[in-house]
Each structure stands twice: as C-alpha cells, then as structure tokens.
Amino acid sequence: MPMENNSPQNLPLRNSLAGVVGKNPHGSFLMDSEWQKRAEEELNETPEIYKRELEALRLMVKNDPNLSVPDNDQFLLRFLRARKFDSKKAFHMLQRYFLMRLKCPELFGCSLPSESGVMFELQAQNMLQQRDQLGRRVYIIRVDNFDSSKVTIDDVFRANVLALEQIVREAETQIAGIVVILDMAGLSLQHAKFFTPYYAKRMVELVQETFPLRFKGFHIVNEPFYFDAVVAVLKPFLKEKIRKRIVLHGSDLTSLQAFVSSNILPHEYGGTAGKFDNRPWYMQLLAEENYFRELHKHGYKIDVEVAEEI
C-alpha cells in the first residue's frame, strides 16, 4: 500500500487568505513569515524569482492574442506556484487550463453555485472548513451519494471544478495544496460510468497537467474488493508521483487519521468535527457567485477546431 512521504506535523492553520497581508516593494504579495518560508523552500518563491518569472509570464500571456485572462497578478501567481516559478511551465499549464475549458465545456466549464443546488443537496461533496495539520485543504467525495437519476457525471465533474476554483484563490492553498478523500462505500454498476477510460483520462489530466493546484494526496476509504479494476483503468494515465500519493485505507479509519487529523474530520470518518454537512460550504460558494461569473468571461477566443491545433 503506497504511503505519502511527509508525516503529519503541527503547522499554522489558515482558513482563507488570512496569511496575505499586503504587497512589498517588489510588488509581490506579503504573507506571514511561516508561509513565506514554506513558499521559498517548496516553490522557489524568492522576491527576485517572483519578479522575474511573473514579468516573463505576463509577457507570454500578452503575446498570445487569442487568450483573455483576468487582469491581475494573483490569477497568474496560482500557475507560477503550481509549477514552482518556472514561467514557461506555468504558461503551458495556463494554456491547457483554458484550452480544456474550450474543448470540453461540459466537464471543465465551472458551474455557477446558483445552478448547482441539486448537486449539493445530495451531500456527496464537501470542502472541509478547517485545514489539516500540514495546512492543506481537505475535500471529501462520497460516491454512494451520487444519484444518477438526479445528476449526470458531467454535473459531478463540473461541481468538482467549482470546488477547486474556489480554493485556488487562497495563497495558503496554492502553497500547501489539497488532499482528496474518496469514499467508495456503495460503489455499484450505476457508478461505472465515472471510471470509463474517457472520464478517467479527463480526471487525470485535471490533476496532473491542467489545474493550478498541488494535489498532495488521494485517500481511498471503504473501497470494495473489486476496486482494483478501477485502479487498472486509471493507472495507464498516472505519473509515478501521483501513483505514490494514492493510499488505500479500506474501512480502517485510524489509518486515514494518520494522514489527516481527526479533529477536522466529520464523525463519519472517525473525526470530532461534527456530521458531514456541506451546507455551510455551499453558502460560501453562493456568496462568491459574482467571481465565478467573471471567470466565465475569460479564455480562448477561437473556434474549437483551431484549438485542436494548439
């Protein structure tokens, strides 16, 4: 059973952009000293590199006449952090991000919160309110709660993208990353479509190449004995780094708690943070509706046929 390299330790927790306190003379966004140190050690984020690579990325974006991006450095910064301040790699990821939205809007076209009420009523997804002991966001997906008579796999995919679009705005999350807990209890034939090669490939592309977040762990709980067949579908598309971050726990919740602190986990996962309830999170998403509307205005202003050649 693969295990993550980093062991739990106590680090300052943040729930929002609280770590960002302004701009310094170099133009970069100031953060608490502990987060600044972590960004430098893990992402090569020094004032000199920040300034040089941000200017280079701005120029690359400017030289792509078909591409419209939000006019602020914070948007570009998420791609730089995701690629450890290599502006060329960051630009390639930014291109893929917008090209996937253009080519597959049914999957990558982030849903508006106000249009996602039925999805959230299923209580199938939840971004926990607290960070884990490593400062990472924790996202729980419960496969058994997806009702195929009410939502489609495309609805599920877009809701996951919505979740990621919300937290990628947080400087701390750009640095510390996200952990996904996938609860496979109740996995049945009605869920088989979630793991076809087409959707498996799209999910892997999202994680490995397209979305500007650091995916630090995938923890599978309550998986049935035939889950190996699902892994077999995913495996050809996975890089070794991501494979090593997949941990199978079965029904052993104490095993899960060795990676994610029990004090932030819902009761259903052996934690002390109350019952699984995504309503507070959904209220936050609704309050940010205008941000997601603005995000829809940007991207590639070309036909899909042209995009296929990029």
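Two strands count as paired if DSSP finds at least two bridges between them. I keep that rule at the top of the page, since the first entry turns on strand pairing, and I note that the model I am reading is a predicted one.

Entry one, the sheet. I looked up the strand order and found an open sheet of 5 strands, arranged β4-β5-β6-β7-β8, with mixed pairing. The edges are held by β4 (125-127) and β8 (246-250), each of which has a single partner strand, so one side of each is left without a neighbour in the sheet. From one strand to the next the twist averages 15°. For the edge strand β4 I then followed the pairing to β5 (residues 137-142): the two run antiparallel and are joined by 3 bridges. Within this pair, asparagine 126 stands opposite isoleucine 140 in β5.

Entry two, the loop before β4. I went to glutamine 123, which lies in the loop between α6 (117-121) and β4, and noted a positive phi of about 55° although the residue is not a glycine. Is glutamine 123 buried or exposed? Its relative accessible area is 16%, and because buried means under 20%, glutamine 123 is buried.

Entry three, a second positive phi. Asparagine 222, in the loop between β7 (215-221) and α10 (227-234), likewise is not a glycine and has a positive phi of about 60°. With a relative accessible area of 29%, asparagine 222 is partly exposed.

Entry four, asparagine 278. I placed this residue in the loop between α12 (253-257) and α13, where its relative accessibility of 2% makes it count as buried. Which residues does asparagine 278 touch, not counting those up to four places away in sequence? I listed Phe120, Gln123, Ala124, Gln125 and Asn126, a set that takes in the glutamine with the positive phi of about 55° and the asparagine that stands opposite isoleucine 140. I also checked the polar atoms, and found one in the side chain of asparagine 278 lying 3.1 Å from the backbone oxygen of phenylalanine 120.

Entry five, the helix α13. I looked up how helix α13 (residues 279-287) packs against helix α7 (residues 153-167), and found an angle of about 70° with the axes 11 Å apart; the two helices are therefore roughly perpendicular to each other. On the α7 side the contact is made by Leu162, Ala163 and Gln166, and on the α13 side by Trp281, Gln284 and Leu285. Sorted by class, this contact has 4 nonpolar and 2 polar residues, and no charged ones.

Conventions: Residues are numbered from 1 along each chain as its sequence is written. This is a predicted model: local features need pLDDT of at least 70, side-chain atom pairs count only at pLDDT 80 or more; totals for chains, interfaces and linings use all residues. Side-chain values use heavy atoms; hydrogens and water are left out. Axes are lines fitted to C-alpha atoms, for helices over the stretch in contact, and angles run from 0 to 180 degrees between N-to-C directions. Angles under 35 degrees count as roughly parallel, over 145 as roughly antiparallel, 65 to 115 as roughly perpendicular and the rest as oblique. Contact means heavy atoms within 4.5 Å. Ala, Val, Leu, Ile, Met, Phe, Trp, Tyr, Cys and Pro count as nonpolar, Asp, Glu, Lys and Arg as charged, and the others, Gly among them, as polar. Buried means under 20% relative accessible area, exposed over 50%, partly exposed in between (1.4 Å probe, protein chains only). A polar contact is a pair of N or O atoms within 3.5 Å; within protein, one must be able to donate a hydrogen and the other to accept it, and residues adjacent in sequence count only if both atoms are side-chain atoms.
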